[in-house]
Amino acid sequence: MRKRKLKHDDDSFEDQFNDYFHNKIANSGDGNADDADADDGNPNDGNPGSGNADDADDRYAHAYDDDAPTSTRMRRFRDEDDPAPRSRGRMTEEARARLVQEREDVVIADGPPTGYRWTTWDDAGAHGPEPYPDWLVTNLGAVDTEFGVLKTGKEADVFLIERGVPDTGESCLLASKRYRSGDHRLFHRDAGYLEGRRSRKSREGRAVANRTDFGRNLIAQQWAIAEFAALGELWSGGVPVPYPVQHLGTELLMEFIGTPDGAAAPRLAQLRPEPVQLADLWHQLQEALVLLGRRGYTHGDLSAYNLLVNGDELILIDLPQLVDIVANPQGPEFLRRDTKRVSEWFLARGLDPEVADADRLADAVLEEAGVV
Ligand SMILES: Nc1ncnc2c1ncn2[C@@H]1O[C@H](COP(=O)(O)OP(=O)(O)OP(=O)(O)O)[C@@H](O)[C@H]1O
Ligand SMILES: [Mg+2]
């Protein structure tokens with residue numbers, strides 16, 4: 001069981017909490033975790049469009065919806081009415097799934113009320129590259145406050161989190177991407193990618209292959225780890241991606257891309273840039289892809305939906321499937337698909353075809369990667 005990390009001192013723990021959260025909520029009237037989901041017509045969205053965290057009454061309503069991790073602690077003992085386990089001595093699939101869930105829940109067990117949790121920095125499977133950025137709160141007395149859903153998707157849900165220290169007022173905003181354990185497009189499409197990696201335990205390998213609940217949870221964890229690793233490598237290489245803060249189970253915490261008051265940066269697909277900005281964004285895209293190519297990669301699922309525009313700056317997101325264009329025989333195909341999809345968006349917005357040339361960009365990236 002985790003120890004409480006806030007100091008008790010004179011005030012009771014609850015008093016400190018109440019003061020802190022009262023202030024937070026009172027001060028967050030304009031804290032707009034704006035729905036990053038304006039109707040953008042993305043057919044791949046799977047997006048119910050409920051992600052507006054702006055409504056104070058509704059602020060935490062989405063926090064533990066559906067498949068998202070829940071703060072409710074799981075039962076540890078079987079009730080008399082429960083069906084008997086399928087076997088004795090060996091753990092049933094249900095028991096194993098429950099254990100996995102409990103392992104995730106333990107970080108919030110004994111913690112603050114729903115919508116808040118103790119910082120999970122200390123429990124994380126891994127932290128982002130060092131030196132840590134100045135803005136990042138690593139204080140173990142910090143509390144994570146959830147300000148609602150930024151976006152729900154087929155593969156993951158993204159939440160806005162503030163990690164703050166009640167005593168000092170130090171705080172930062174984070175995006176929490178929680179991979180879903182359910183069956184979905186990406187997991188099916190890339191089944192071979194995961195199954196090709198040998199699992200240390202054959203039981204885990206079988207669970208993944210058979211898509212049991214336990215296996216699906218493992219797959220979701222692997223995607224979180226894969227994206228965390230990709231972001232770390234790319235961030236260190238100067239590619240414009242969010243800083244990966246930590247991963248823990250199926251959750252990846254990263255730098256929040258948006259304004260300090262919690263309005264998420266729009267996706268490129270939502271914008272209608274003027275010609276000068278359009279040309280500048282294409283230029284930034286070229287630079288980012290060439291930098292990726294220099295490290296031997298292409299995004300693998302690039303589109304105007306996986307690019308954020310923060311002010312004037314273009315940021316690449318959604319990178320769990322990063323493709324190695326040198327080692328993967330299909331790498332160059334993935335690269336051409338990436339450049340084609342995104343150049344089509346720029347062409348549709350009126351950029352000169354001589355400039356937004358998908359093949360020329362792909363050739364430049366391949367040359368950078370040393371694949372000719
Ligand atoms: N670091 C971040 N800062 C701000 N917003 C973010 C961040 N990461 C993701 N988002 C928002 O969440 C959305 C979904 O993120 P992402 O594309 O990584 O997940 P996904 O499950 O693949 O979603 P989709 O199926 O829509 O592609 C993004 O389009 C963006 O609006
Ligand atoms: Mg995406």
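**Exercise 1.** What share of the chain's contacts with a separation of 6 or more comes from residues 24 or more positions apart?

*Solution.* Start with the ground rules: this is a predicted model, where local features need pLDDT of at least 70, side-chain atom pairs count only at pLDDT 80 or more, and totals for chains, interfaces and linings use all residues. Residues are numbered from 1 along each chain as its sequence is written, while chains are lettered from A and ligands numbered from 1 in the order in which they are written. Next, a contact means two C-beta atoms, placed from the backbone, within 7 Å. The share comes out at 68%.

**Exercise 2.** Find which helix gives the most to the largest nonpolar core.

*Solution.* First, the terms. A buried residue has 20 or more other C-beta atoms within 10 Å of its own, with C-beta atoms placed from the backbone. A nonpolar core joins buried Ala, Val, Leu, Ile, Met, Phe, Trp, Tyr and Cys residues through C-beta atoms within 7 Å. Helices are DSSP runs (H or I, at least four residues), as are strands (E, at least two), numbered from the N terminus.

Now the core: it holds 67 residues, and Leu160, Leu174 and Met254 touch the most other members. The top contributor is helix 6 (residues 213-236), with 11 residues.

**Exercise 3.** Work out what the buried residues of helix 8 pack against.

*Solution.* Helix 8 covers residues 331-348. Its buried residues include Phe334, Leu335, Trp345 and Phe346, but also Arg337 and Asp338. Their partners are helix 7 (275-294), strand 8 (297-298), strand 11 (323-324) and helix 9 (358-369). After helix 8 comes Gly350, with a positive phi near 105°.

Key. A residue is buried if 20 or more other C-beta atoms lie within 10 Å of its own, exposed if 12 or fewer, and partly exposed in between; C-beta atoms are placed from the backbone. The expected span of a helix is 1.5 Å times one less than its number of residues.
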